[in-house]
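User: I would like to go through this chain with you, one topic at a time. Could you begin with the term we shall need for strand pairing?
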Amino acid sequence: MLNLGKIDHIHVRVTDTPTALEWYQRVLGLTPDPRYRHMQDEPHGVTMIANPSASVRLALCEDADFSAAVSAVAFVVSGQEFMEWIDQLAGERVTNREGQTIARDSVYDHHFFCSLAFVDPFGNAFEVVSYDHTWLSGKLKLPGRTAHNGHNGHNTINGHNGHVHNGQ
């Protein structure tokens, strides 16, 4: 069996590339990668954006008829960076799927990792995840706020962060 290496890039559909570029740069620090500039002029043009080290790349695909899917892209960060992301997203007034502004009470405690879910202006879902659970539990006083509280066994979208859980 062949092994996959790492994810090269993820396609993200948007309805307005200039608006998307501004949001992704302001909120996530992703900027156009000049090595891929030629792809913008191709049929079904793609704008490749990346973080400074190019370890995270998203391919923005403009589609006027797009409606966001339920899937999410998750980025892993350290515990300290997770705390900084909460503040960054809150400061930018970024929201979850239900339109609630991200705040410290938007964090999910998954018992061995923490997550924070949000959407871009086009409804594409993203998560910031940290496995520094013990440290974050102390900082955020997380006990009792878990992904499984109040579930009825059906697939639901939690009101705090829009993350889909299967109720198991």
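Analyst: Two strands are said to pair if DSSP finds at least two bridges between them. Please note that the model is a predicted one.

User: With that term in hand, which residue stands opposite Asp 109 in strand 7?
Analyst: Asp 109 stands opposite Cys 114. Another bridge partner in strand 7 is Ser 115, which is matched with Tyr 108.

User: In what sense do strand 6 and strand 7 pair, and over how many bridges?
Analyst: The pairing is antiparallel and has 2 bridges. The two strands form a hairpin with 4 residues between them. In that turn, His 111 has a positive phi of about 75 degrees.

User: Let us step back. How many helices and strands are there in the chain?
Analyst: The chain has 3 helices and 10 strands. Along the sequence, the pattern reads β-α-β-β-β-β-α-β-β-β-α-β-β.

User: What share of the residues counts as buried?
Analyst: Of the 168 residues, 40% count as buried. As to contacts with a separation of 6 or more, 58% are accounted for by residues 24 or more positions apart.

User: Back to the hairpin. What is the strand order of the sheet that holds strand 7?
Analyst: The order is 5-8-7-6, in an open sheet of 4 strands with mixed pairing. Strand 5 (72–76) and strand 6 (108–109) each have a single partner strand, so they stand at the edges and one side of each is left without a neighbour in the sheet. Helix 2 (residues 79–91) packs on this sheet and touches strand 7 and strand 8 (125–130). The direction of helix 2 makes about 30 degrees with that of strand 7.

User: And strand 7 itself: how many of its residues are buried?
Analyst: In strand 7, 6 of the 6 residues are buried, so the strand is largely enclosed by the rest of the structure. Cys 114, Leu 116 and Phe 118 point one way, while Ser 115, Ala 117 and Val 119 point the other way. The general pattern is that side chains in a regular strand alternate between the two faces of the sheet.

User: Why is Ser 115 classed as buried?
Analyst: Ser 115 has a relative accessible area of 0%, and the class covers values under 20%. The side chain of Ser 115 also makes a polar contact with the side chain of His 110, at 2.7 Å.

User: How does strand 7 pair with strand 8?
Analyst: Strand 7 and strand 8 are antiparallel and share 6 bridges. One of the residue pairs is Ala 117 with its bridge partner Glu 127 in strand 8. These strands also form a hairpin, here with 5 residues between them, and Gly 123 in the turn has a positive phi of about 90 degrees.

User: On to strand 5. Is its pairing with strand 8 parallel or antiparallel?
Analyst: Strand 5 and strand 8 run parallel and are joined by 5 bridges. Phe 75 stands opposite Val 128 in strand 8.

User: Which residues of strand 5 are on the covered face and which on the uncovered one?
Analyst: Val 73 and Phe 75 form the covered face. Ala 72, Ala 74 and Val 76 form the uncovered one.

User: Changing topic, what is the volume of the largest pocket?
Analyst: The volume is about 320 Å³. The lining of this pocket has 13 residues, of which Val 56, Phe 75, Val 76, Val 77 and Trp 85 lie nearest the centre.

User: Which element supplies the largest share of that lining?
Analyst: Strand 5 does, with 3 residues. Strand 5, helix 2 and strand 8 each supply at least two residues of the lining.

User: Last topic: what is the order of the strands in the sheet that includes strand 1?
Analyst: That open sheet has 4 strands in the order 1-4-3-2, again with mixed pairing. Strand 1 (10–14) and strand 2 (31–32) are the edge strands, each paired on one side only. Strand 3 (residues 46–50) and strand 4 (residues 57–62) are antiparallel, with 5 bridges. Within that pair, Val 46 stands opposite Cys 61.

User: Which helix lies across those strands?
Analyst: Helix 1 (residues 17–28) lies across strand 1, strand 2, strand 3 and strand 4. Helix 1 runs at about 155 degrees to strand 4.

Technical notes
Residues are numbered from 1 along each chain as its sequence is written. This is a predicted model: local features need pLDDT of at least 70, side-chain atom pairs count only at pLDDT 80 or more; totals for chains, interfaces and linings use all residues. Side-chain values use heavy atoms; hydrogens and water are left out. Contact means heavy atoms within 4.5 Å. Axes are lines fitted to C-alpha atoms, for helices over the stretch in contact, and angles run from 0 to 180 degrees between N-to-C directions. Buried means under 20% relative accessible area, exposed over 50%, partly exposed in between (1.4 Å probe, protein chains only). A polar contact is a pair of N or O atoms within 3.5 Å; within protein, one must be able to donate a hydrogen and the other to accept it, and residues adjacent in sequence count only if both atoms are side-chain atoms. On a 1 Å grid over the protein atoms alone, a cavity is a set of points where a 1.4 Å probe fits but cannot get out, and a pocket is an open set with protein on both sides within 12 Å along at least five of seven lines; lining residues have an atom within 4 Å of a point. Grid points are joined across faces, edges and corners, and a volume is the space filled by probe spheres set on the points.
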